[in-house]
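Got the viewer open? Grab the selection tool and follow along, one stop at a time.

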2 protein chains.
Amino acid sequence: MCELLAMSANVPTDIVFSFTGLVERGGKTGPHRDGWGITFYDGPGNRTFKDSDPSCHSEVASLLKSYPIKSKTVVSHIRQANRGRVCLENTHPFGRELWGRNWCFAHNGQLSDYKTVLQPERFLPVGNTDSELAFCTLMDKLAARYPKPPKDRKQAFRFLAREGRKLQQLGVFNMLISDGVYLLALCGNNLHWITRQAPFGEARLIDTEMVIDFQQETTPKDVVTVIATRPLTSNEAWHKMEAGSWCLFREGKVVAQG
Amino acid sequence: MCELLAMSANVPTDIVFSFTGLVERGGKTGPHRDGWGITFYDGPGNRTFKDSDPSCHSEVASLLKSYPIKSKTVVSHIRQANRGRVCLENTHPFGRELWGRNWCFAHNGQLSDYKTVLQPERFLPVGNTDSELAFCTLMDKLAARYPKPPKDRKQAFRFLAREGRKLQQLGVFNMLISDGVYLLALCGNNLHWITRQAPFGEARLIDTEMVIDFQQETTPKDVVTVIATRPLTSNEAWHKMEAGSWCLFREGKVVAQG
């Protein structure tokens, strides 16, 4: 299995604190040694840092811990391989372009007997994970359903949530998917989120000794939601999502759910 | 205008030496202050580091100078904006997936009166550069001509070279395009390349004080080709490409040209 991390915020925010906790699970406090990746959006553009080395030893991960990249939408993943060998092409997040937007996707879980069911045509996987195949299948369906983007792009994400739920019949399927503005979290069995806003307080990482006082780092208008497989802090109340439920975030706020 | 850099090699090779020369041109010895990017392939997977900050001051560029990522195929670009503002989505190399392969593209030049001519449908630009629009147009044409990959993938690159030449009627168009195995360089007005192989010698960068003895870094079987807008070293003989000509490289060797 793997661990997911994502952020949706109304102001460009750095995710160093949460990422620092996550990368410890990549080979130190957790067994997820098989690569990691993180996608930062900056407007419609994005950039993905990935590595097939364990995140706890990765030079690139070290850079990201010391060099705060501010973003309103971030998707990250650390991998413990089950389907597909350890290599760069099997490392999440995966990305594709549709409607002139950058989409990114990360998955935690494992599907079974999926090869005859998941047969995308337009978007094809580069690697050989169940995850990328599921992503390509979702993008194929989305492009077929909406050759042009729906006026209200939330509809597209409702559609993705419904299609994602169908994939849950094939196994464990927790997913994060974003077009840079919206961020959809679909829970298969394990996904938590927390929204931080004024009055901000202190937070303490579970995986390493680090405490942050968000009041020092924020303004009273900031709204920042963090989503993670397991809570990253020990002294805050995270929402535990129910299996099969989904939340759509924009600018740090829940804008739809089901 | 911009500067291009690429590498094709028969063994995973680091490009730190050439990249170190290039990034100096990103705001120090050259005026290309408007972002930079570099794509490294590792098998079919790839990863792109990009930044809209000048490369000579970029923290990410510093990491790459000190942390040698070995790759057989690399494409890089530093930007001096003409079409499209300075932002992440306008930063090269651009990437798209076709046939389950990661394609990447970088352009140096400037097109005029292109908006009515370049109207891709399947691959759409995320940013607003002439370069990304040209790339999407090429990918559209490639996907239309070859819905499935041709048996000999060199054909696809011959097709791209022909289509790229048509774009040269719209302005200056030097391009690099790769699927990770093949690397096509099409010259509009300014592109040079050099192949280094045994017996290896010393090379001296033009843009900063750095000398490397490749004999210390290589084995006798290595073949490494570097392509750049302008030669990066002062003591080696680079091939100057003619306007309109193209070279296709694989494993460091020219496998087709026109």
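**Stop 1: a phenylalanine in the core**

Select A:Phe49 to begin: this residue is buried, and its relative accessible area is just 1%. Bear in mind as you click around that you're looking at a predicted model. Colour by secondary structure and you'll find A:Phe49 in strand β3 of chain A, which covers residues 45-51.

Now show what surrounds that side chain. Skipping the neighbours within four places in sequence, A:Phe49 is in contact with A:Trp36, A:Gly37, A:Ile38, A:Phe40, A:Val60, A:Leu64 and A:Ile69 in chain A, plus B:Phe49 and B:Val60 in chain B. Pick A:Gly37 from that set and draw a C-alpha to C-alpha distance to A:Phe49: the label should read 5.5 Å, although the two are 12 residues apart in sequence.

**Stop 2: across to chain B**

Keep A:Phe49 selected and add A:Phe40, B:Phe40 and B:Phe49. What links these four? Ring pairs join A:Phe40, A:Phe49, B:Phe40 and B:Phe49 into a cluster.

Zoom out to both chains. How does chain B map onto chain A? Turn chain B by 180 degrees with a shift of 0.0 Å along the axis, and it lies on chain A with an RMSD of 0.0 Å. That is how a two-fold axis relates two copies. The same surface is used by both copies, with 100% of chain B's contact residues recurring in chain A.

**Stop 3: more rings**

Over all chains, the count of aromatic pairs is 21. For one of them, select A:Phe157 and A:Tyr182: the pair is tilted, with 5.4 Å from centre to centre and 45 degrees between the planes. A:Phe157 belongs to helix α4 (residues 154-167) of chain A and A:Tyr182 to strand β8 (residues 182-186) of chain A, so the pair ties together parts 25 residues apart in sequence. Are these two buried or exposed? Both A:Phe157 and A:Tyr182 are buried.

Next, try a charge over a ring. Select A:Arg145 and A:Tyr146: the charged end of A:Arg145 sits over the ring of A:Tyr146, 4.3 Å from its centre. Hop over to chain B, where B:Arg145 lies over the face of B:Tyr146, at 4.3 Å from the ring centre.

**Last stop: the annotated domain**

Finish by selecting residues 2-258 of chain A, which an unreviewed UniProt entry lists as "domain: Glutamine amidotransferase type-2". Over that stretch the chain is 18% helix and 37% strand. Draw a distance between its end C-alpha atoms and you'll get 24 Å.

Note on methods
Residues are numbered from 1 along each chain as its sequence is written. Chains are lettered from A and ligands numbered from 1 in the order in which they are written. This is a predicted model: local features need pLDDT of at least 70, side-chain atom pairs count only at pLDDT 80 or more; totals for chains, interfaces and linings use all residues. Side-chain values use heavy atoms; hydrogens and water are left out. Copies are superposed by least squares on the C-alpha atoms of residues with pLDDT of at least 70 in both. Contact means heavy atoms within 4.5 Å. UniProt positions are given in the numbering used here, feature names are shortened, and annotations may be inferred rather than shown by experiment. Helices (H or I, at least four residues) and strands (E, at least two) are DSSP runs, numbered from the N terminus. Rings of Phe, Tyr and Trp (its six-membered ring) pair if their centres lie within 6.5 Å; planes under 30 degrees apart count as stacked, over 60 as edge-to-face and the rest as tilted. Buried means under 20% relative accessible area, exposed over 50%, partly exposed in between (1.4 Å probe, protein chains only). A charge sits over a ring if NZ of Lys or CZ of Arg is within 6 Å of the ring centre and within 35 degrees of the ring normal.
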